[in-house]
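Subject: Structure handover

Hello,

Here is the structure for your files. My notes on what was found in it follow below.

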Amino acid sequence: MCDTKAIRIGDPAPAFAGQAVVGQKIVDLSYDKGQLTIDGKKTKGKYTVLFFYPLDFTFVCPTEILAFNEKLAEFEKAGAVVVGASIDSPYTHLAWKNTPRSQGGLGNVDFPLLSDLSKKASEDYGVLLDDGIAARGLFIIDENGILQSMTVNNLGVGRNVDEVLRLIAAFKFVAEHGEVCPANWNPGQDTMKPDPVGAQEYFKKVK
């Protein structure tokens, strides 16, 4: 079982660190207090999307990783960086990337794949299962290092990458404008003022 009670929405996201595969290199990666450091290069002032997946060389996992990779330009435009993580070694990550997709490999991926070999990050984020692998946990952390969203899927169901982009847009809108986003909101649609009187303006529009 996993236990996300260890962390709470609105709290600082736990720091994490380890070796990661970036391109064809194995490099050091760390995250702490809103700052992501990859191979000595620091990135701050951006959202971080951290997603855990169970294992390399499996079935649903590559579909998720490739879906994130296909939308990577949109994450960059949204001011967000993406990090994938599993309990596999960095050497397994690299071997998976270097195996053709037609043979069960991953092929090229342009964002870091973190090796959580110690399982510390999986534990700290509450997604470590009893059999020692991570559930499909996804965490959206804002530019100040505050956890804004967390979702955890069981192993058999992949995640919706477009929903992650929508949530980032919504959280940024709320932070910048002080209004709140109703159900199914997408950028450009009406929002509402977070008070009893102001909210009625929204409900009058949607009748």
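**Salt bridges**

The structure, which is a predicted model, holds ten salt bridges. Three of them are described here, beginning with two that share Glu64.

Arg136 pairs with Glu64, with 2.8 Å between the closest N and O atoms. This pair links distant parts of the chain, since Arg136 sits in strand E8 and Glu64 in helix H1, 72 residues apart. Glu64 also meets the side chain of Arg159 in a salt bridge, at 2.7 Å from N to O. Arg159 is in the loop between strand E9 (147-153) and H5, while Glu64 is in helix H1, so this pair ties together parts that are 95 residues apart in sequence. Glu64, Arg136 and Arg159 are thus linked in a network of salt bridges.

Are the members of this network buried or exposed? Arg136 has 3% relative accessibility and therefore counts as buried. Glu64 counts as buried too, at 3%. Arg159 is buried, with a relative accessible area of 14%.

Another salt bridge joins Lys193 and Glu179, whose closest N and O atoms are 3.7 Å apart. Both residues lie in the loop between H5 and H6, so the pair ties together parts that are 14 residues apart in sequence. At 34% relative accessibility, Lys193 counts as partly exposed.

**Nonpolar cores**

The largest nonpolar core has 24 residues, of which Ile65, Phe68, Phe75 and Phe111 touch the most other members. At least two residues of this core come from each of strand E5 (47-52), helix H1 (60-70), helix H2 (72-77), strand E6 (80-86), strand E8 (136-141) and helix H5 (161-177). H5 gives the most, with five residues.

Leaving aside residues up to four places away in sequence, Phe68 touches Val49, Phe51, Phe75, Val82, Phe111, Leu138, Val161 and Val164. Another core, of 22 residues, lies apart from the largest one; among its members are Phe16, Tyr31, Ala134 and Leu147.

**Helix H6**

Which residues of H6 (residues 196-205) are buried? Gly198, Ala199 and Tyr202 are. They are on the same side of H6 because they cover an arc of only 100 degrees around the axis. In general, an α-helix has 3.6 residues a turn, so residues three or four places apart point the same way. The face of H6 turned away from the buried side carries Pro196, Val197 and Lys204, which are exposed.

The N-terminal end of H6 is capped by Asp195, with a side-chain oxygen 3.1 Å from the backbone nitrogen of Val197.

Regards

Notes:
Residues numbered from 1 in each chain as written. Predicted model: local features only at pLDDT ≥ 70, side-chain atom pairs only at ≥ 80, totals over all residues. Heavy atoms only, no water. Buried < 20%, exposed > 50% of the residue type's maximum accessible area, 1.4 Å probe, protein only. Helix = DSSP H or I, 4+ residues; strand = E, 2+ residues; numbered from the N terminus. Arc of directions from axis to C-beta. Polar contact = N/O pair within 3.5 Å; in protein donor to acceptor, adjacent residues only side chain to side chain. Core = buried A, V, L, I, M, F, W, Y, C linked by side-chain atoms within 4.5 Å. Contact = heavy atoms within 4.5 Å. Salt bridge = Lys/Arg side-chain N within 4 Å of Asp/Glu carboxyl O.
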